[in-house]
Amino acid sequence: GELLWHKTYEQSTGIYNARETSDGGFIAAGYYECVNSMDCYPDMYIMKTDSDGNIEWSLIDESPNNNNDWARDAIQTQDGNYVVTGTWNDNGNNSKAMLRKYSSTGELIWDEIYSSSAANEINSILETSDGDFILAGYTGTQHGDYKALLIKTDPNGQQIWKKNIQSIGSTELYAVCESPNG
């Protein structure tokens with residue numbers, strides 16, 4: 001329980017999730033929001049650190065329409081690259097779930113968006129044992145009742161299936177795991 005290190009990252013406004021990578025470092029996902037302007041919106045912030053928390057690379061990624069973009073989760077893939085998921089191009093009335101793949105050095109390889117209603121957001125990602133991805137979040141109307149959202153994609157982000165699960169009131173998913181039987 002002793003503190004090994006502590007870092008503050010000036011480039012990020014907030015980090016939603018960090019995961020250990022195969023080299024003992026970390027991949028972290030969050031957002032950056034400028035503070036010097038009233039006309040500024042959150043942009044995705046992704047950073048890769050070494051095992052001591054020193055930044056190896058970081059990037060700010062944004063949708064072209066100057067809307068809200070949040071990276072909610074990131075994982076290292078079986079091929080040694082990274083996938084990041086979250087919310088893309090949220091204008092306050094519409095948002096899209098997204099999945100973006102980056103190289104081990106932070107270069108964008110591909111990107112996909114998923115939408116089934118006005119509000120679509122992803123909070124967690126898992127790479128399955130067969131190399132596909134499961135995204136967990138919610139869908140619905142902006143600031144209304146949400147349905148839980150699960151999306152399965154192939155290793156290139158192409159949607160295989162999508163499930164909406166309704167309960168009483170809002171239903172949102174914040175984590176996902178693979179069961180022993182796959």
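**Group meeting: a first look at an all-strand model**

Okay, to start: buried residues, meaning those under 20% relative accessible area with a 1.4 Å probe and protein chains only, make up 47% of the 182 residues in this protein. Bear in mind that this is a predicted model, where local features need pLDDT of at least 70, side-chain atom pairs count only at pLDDT 80 or more, and totals for chains, interfaces and linings use all residues. Numbering runs from 1 along each chain as its sequence is written, and side-chain values use heavy atoms, with hydrogens and water left out.

So what's the fold made of? We have 12 strands and 0 helices, taking these as DSSP runs numbered from the N terminus (E, at least two residues, for strands; H or I, at least four, for helices). The radius of gyration, over C-alpha atoms, is 16 Å, close to the 16 Å from the globule rule (2.2 Å times the number of residues to the power 0.38), so the protein is as compact as a globular protein of that length.

Now, the inside. The largest nonpolar core, a set of buried Ala, Val, Leu, Ile, Met, Phe, Trp, Tyr and Cys residues joined through side-chain atoms within 4.5 Å, has 13 residues. Strands 2 to 7 each give two or more residues to this core, and strand 6 (82-90) gives the largest share, 3 residues.

Which residues does Trp 57 touch? Leaving out residues up to four places away in sequence, its contacts (heavy atoms within 4.5 Å) include Ile 27, Ile 46, Tyr 82 and Gly 106.

And there's a second, separate core of 12 residues, with Ile 75 and Leu 135 among them.

Key. Buried < 20%, exposed > 50% of the residue type's maximum accessible area, 1.4 Å probe, protein only.
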